[in-house]
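Good morning, and thank you for joining. I would like to take you through one model this morning, beginning with a single loop and ending with a ligand.

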Amino acid sequence: MLAQLPVTYRNEREYPFCPGCGHGLVLNALNRALIESAADPKRTVLVTDIGCQGLSDQYFVTHAFHGLHGRSIAYATGIKLVDPDLNVIVLMGDGGAGIGGAHLLNAARRNIGLTVLVFNNFNFGMTGGEHSVTTPTGGVTTTTRSGNLERPLDLCATVVVNGAGFAWRGTAYDKDLADVIVEALQSRSFALLDIWELCTAYYVPNNKLTRTTLTTMRETVGMAAGVVGRAERPEYARALREAGASQAGQPALRPDPLVPIFASALDREFRLVIAGSAGGKVRSTARMVGEAAVLSGLWATQEDSYPVTVQTGHSLSELIFSPREILYTGIARPDALALVSEEGRRAAGHYLVALTPESWLFVTPQFVDLETPARKLVFDFDVTGVRGVKKHGALLLVSAALRVLDLFPLAACEAAIRRTQRSPIAEENLEIVRQGAAVVADRLGRGS
Amino acid sequence: MREFIDGATAIARGALDAGCDFFAGYPISPATPLLLHMIRELPKVGGVAIQAEDEIASISMCIGAAMTGARALTATSGPGISLYSENIGLAIMGEVPLVIVDAQRMGPATGGATTPAQGDVQFVRWGTSGGYPIIALAPSSVAECYSLTRRAFDLAERFRVPVFLLTDKAMCLSMSTVEIEQYERPPVRPRVQAPAAPSGDLGLRPEESFLPWRFDPLDRPPPFSAFGGAHIMRFTGSSHDEHGILTKDPVRVGQLNEHLWRKIADHASEIELVRADLQPDARTLLVSYGITARAMAEAAQTARARGQRVSALTVQSLWPVPAHALLAAARGASGDVPVERMVVAELNLGEFRREVEREIYAWAARERRVAPEIVGLHRVDGELITPEQFLETIRA
Ligand SMILES: Cc1ncc(C[n+]2csc(CCOP(=O)(O)OP(=O)(O)O)c2C)c(N)n1
Ligand code: SF4
Ligand SMILES: [Mg+2]
């Protein structure tokens with residue numbers, strides 16, 4: 001416990017506000033609330049917005065954060081997430097509540113434990129009395145000269161309907177304001193106080209607003225007063241930490257070493273492009289082949305392309321294998337192209353036309369008539385008895401291709417499958433690799 | 001031992017190893033994998049990661065977190081950097097240690113999200129009002145994605161300034177092979193902390209114990225004290241005095257702004273980082289960075305295998321511009337036979353070339369000598385600059 005608490009949380013600096021401005025009254029109530037709740041100044045942060053009320057960071061003996069217009073709730077969220085036991089109090093205007101509306105809504109939805117005091121004077125004081133999101137319909141401001149046509153935002157109803165733990169509406173003149181602030185601080189939830197007050201420089205003279213009409217205005221605009229909502233919900237900053245607590249101490253993103261236990265005779269860069277369709281396991285096949293190459297002592301790169309609507313259209317993977325580090329990863333002309341589907345053929349059109357008699361082209365029977373100068377091999381996997389030949393087309397065709405190309409042993413592919421995939425998927429894929437390679441043995445008459 | 005890994009994973013691991021314990025971000029290609037990594041990994045190290053409601057909230061939360069003592073990271077692409085803009089200024093003014101990954105996309109606005117791109121070089125430097133300096137690094141390999149992320153945290157902590165890591169889809173999302181032993185592990189030195197408060201000090205009168213914004217000397221960031229820590233801390237985006245109170249005093253305002261400039265400018269040589277691959281008597285010096293530097297390295301190998309002489313400079317620190325290294329490379333490997341031609345290659349229409357021209361022409365004017373010819377090799381069609389394109393520019 002603290003040996004000694006401040007007798008006041010105000011420092012010696014005088015407020016800068018116009019005579020009769022409501023801001024000072026709210027700050028005085030805040031001071032009384034801090035005294036009453038025996039807040040530790042070193043565990044209390046005032047996060048102020050921009051505007052006349054935003055100047056408030058300079059008048060207290062607590063920590064203070066004075067950021068940008070409308071973002072105070074977002075800074076306060078960052079502070080609270082790092083240190084959930086801090087008292088984090090946001091002081092913002094109706095202007096800040098408007099420009100920072102997204103933060104207000106989302107802080108309420110999260111129910112993050114911030115106490116938000118909205119110094120609501122129905123206009124932008126600091127910039128010269130322009131209208132704000134809370135200016136009542138008909139309200140005269142420098143930007144609504146014949147009366148505001150917009151409807152005022154009901155801040156309390158908005159945060160309550162979106163999950164805030166506490167919401168209250170009143171005025172800077174209410175005797176119980178300090179008590180309400182204490183209650184908000186103790187609520188350990190997102191608590192918003194919509195505090196109506198007077199801007200004597202602008203809104204008051206333009207609208208003949210007085211302390212009395214301030215209260216009657218609530219009825220005219222149809223907004224509730226007092227405690228508007230109270231809800232028991234978990235406080236977000238603590239809940240987020242608790243949700244992650246079970247993972248504490250687990251190793252985070254450690255290297256995943258591939259020990260080369262196979263060998264390759266490849267003596268130059270080799271570029272393989274796999275062109276198929278979404279859902280055809282093109283990328284996972286490429287990933288497995290890339291790992292297999294590394295397990296064989298090679299360097300490998302893999303680049304995938306596919307439409308943003310990932311479950312439809314083409315899926316193209318480009319692989320490079322090399323005995324040396326690979327610098328440039330662009331491919332002008334593949335050494336081998338595996339076509340699994342019509343969508344893949346269209347996406348790989350520029351590669352297809354680049355093939356030469358030295359290139360390899362591996363295709364499924366649908367492309368039997370495709371004209372190419374490349375060495376073309378057509379494989380029919382329907383004979384394998386693998387179920388779902390289409391779904392496994394990429395893995396079957398690439399297994400066959402690797403069997404022909406002999407870049408590295410197929411056992412490396414099997415090892416790559418075993419290290420990353422779990423049974424029964426691993427067993428299924430191992431069988432597909434074997435079947436794909438076996439088709440080659442049958443077709444070329446080589447032993448398996 | 002080797003690894004088959006993409007750049008985003010290497011950046012995330014670099015951040016975790018650098019002690020990063022806070023992340024806030026908003027999904028956007030090609031930066032989304034960083035958000036996913038940090039959401040998954042940070043709870044394991046006792047940190048916090050959150051998907052914010054938008055990019056303005058992302059960077060705002062990071063700033064709040066960093067001033068509460070966290071090592072904060074955020075990641076986005078060009079459209080998100082646009083939304084960060086105002087808060088980048090706040091982070092400069094408030095001397096916030098913060099690392100920002102910009103996974104660039106091609107062209108303005110939504111542009112090309114999934115093509116290699118390097119168009120944000122000038123944007124990150126001048127992306128907020130006032131014109132004050134930031135630091136920007138650009139990895140050109142997956143191993144550097146790791147090491148330069150560590151370095152970004154080191155620089156952010158030491159200089160209390162936002163540090164950008166400029167990268168792109170090709171770097172972040174492509175898999176490549178890394179020799180695990182080759183990951184460099186530069187130190188991450190923590191921000192200088194304020195001395196502990198005298199016992200029993202409530203910190204109610206900051207003027208008597210700790211002045212959070214005293215710069216002594218002017219080129220050094222002030223010692224740090226976190227919200228909730230031993231001292232009362234006042235943070236503000238307004239021009240402020242030593243206490244963090246708004247001021248218009250011309251002497252102090254001048255000092256503050258000079259401080260924000262000099263803490264980076266006076267230390268540019270400590271920040272500068274390049275990889276110089278210079279060959280004696282080379283007439284051509286290739287200059288590049290990021291993904292494009294890989295094609296440059298391959299072209300240099302090919303050229304030399306053909307018997308041509310060529311030098312290559314990979315720039316890892318784009319801001320502040322590594323002036324010493326640029327001049328040293330332009331002077332030639334031996335230091336007395338300057339190159340005749342410099343080729344600056346990048347996936348934009350000359351953003352870094354402007355900086356090279358500025359430095360080199362000023363040097364030539366100072367020393368009353370003929371400046372090397374400076375030519376640009378540019379590409380903005382979403383494809384990489386090829387080694388062949390580099391080879392065509394080499395004057396052997
Ligand atoms: C991004 C941005 N836009 C505009 C401004 C100018 N500005 C300063 S204060 C303010 C409105 C303040 O109104 P309010 O929040 O109601 O505070 P009050 O002055 O009434 O207390 C505006 C628009 C700014 N500082 N930043
Ligand atoms: S302009 Fe209005 S809000 Fe600002 S200090 Fe004066 S009365 Fe208060
Ligand atoms: Mg206002």
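**Unusual backbone, packed helices and a ligand shell**

Let us begin in chain B, where B:P30 sits in the loop that runs between β2 (22-25) and α2 (32-41). Helices here are DSSP runs of H or I with at least four residues, strands are runs of E with at least two, and both are numbered from the N terminus. The model is a predicted one, in which local features need pLDDT of at least 70, side-chain atom pairs count only at pLDDT 80 or more, and totals for chains, interfaces and linings use all residues. Residues are numbered from 1 along each chain as its sequence is written, chains are lettered from A and ligands numbered from 1 in the order in which they are written, and side-chain values use heavy atoms, with hydrogens and water left out.

What kind of peptide bond joins B:S29 and B:P30? The bond is cis, with omega at about -5°. Another cis peptide bond joins B:D216 and B:P217, and its omega is about -5°. B:P217 belongs to the loop between α8 (206-209) and β9 (234-236) of chain B.

In general, most peptide bonds are trans, and most residues other than glycine have a negative phi. In chain A, A:D406 is not a glycine, yet its phi is positive, at about 55°. This residue lies in the loop between α13 (393-405) and α14 (410-420) of chain A.

Let me turn to the chains as wholes. Chain B contains 14 helices and 15 strands. Its radius of gyration, taken over C-alpha atoms, is 22 Å, close to the 21 Å that the globule rule (2.2 Å times the number of residues to the power 0.38) gives for 396 residues, so chain B is as compact as a globular protein of that length. Along the principal axes, its C-alpha atoms fill a box of roughly 75 × 50 × 40 Å.

Chain A has 15 helices and 15 strands. Its radius of gyration is 34 Å, whereas a compact globule of 448 residues would have one near 22 Å. The C-alpha trace of chain A spans about 100 × 60 × 40 Å along its principal axes.

Next, the helix pairs. Two packed helices are described by the angle between their axes and the distance between the axes. The axes are lines fitted to C-alpha atoms over the stretch in contact, and angles run from 0 to 180 degrees between N-to-C directions.

In chain A, helix α1 (residues 23-36) and helix α6 (residues 177-186) have axes that come within 8 Å and cross at roughly 55°. That angle makes α1(A) oblique to α6(A) (under 35 degrees is roughly parallel, over 145 roughly antiparallel, 65 to 115 roughly perpendicular, and the rest oblique). The crossing is right-handed (the near helix is turned clockwise from the far one by less than a right angle; anticlockwise would be left-handed). In this contact, meaning heavy atoms within 4.5 Å, the residues of α1(A) include A:V26, A:A29 and A:L30, and those of α6(A) include A:L177 and A:I181. The contact residues divide into 8 nonpolar, no polar and 3 charged. Here Ala, Val, Leu, Ile, Met, Phe, Trp, Tyr, Cys and Pro count as nonpolar, Asp, Glu, Lys and Arg as charged, and the others, Gly among them, as polar.

In chain B, helix α12 (residues 323-330) and helix α13 (residues 351-366) pack at about 65°, with their axes 10 Å apart. α12(B) passes α13(B) in a right-handed crossing. Among the residues making the contact are B:L326 and B:L327 of α12(B) and B:I360 and B:W363 of α13(B).

Finally, which residues surround ligand 2? Among them are A:F17, A:C18, A:H23, A:N121 and A:Y202, where a residue is near if one of its heavy atoms lies within 4 Å. The shell around ligand 2 divides into 7 nonpolar, 4 polar and no charged residues.
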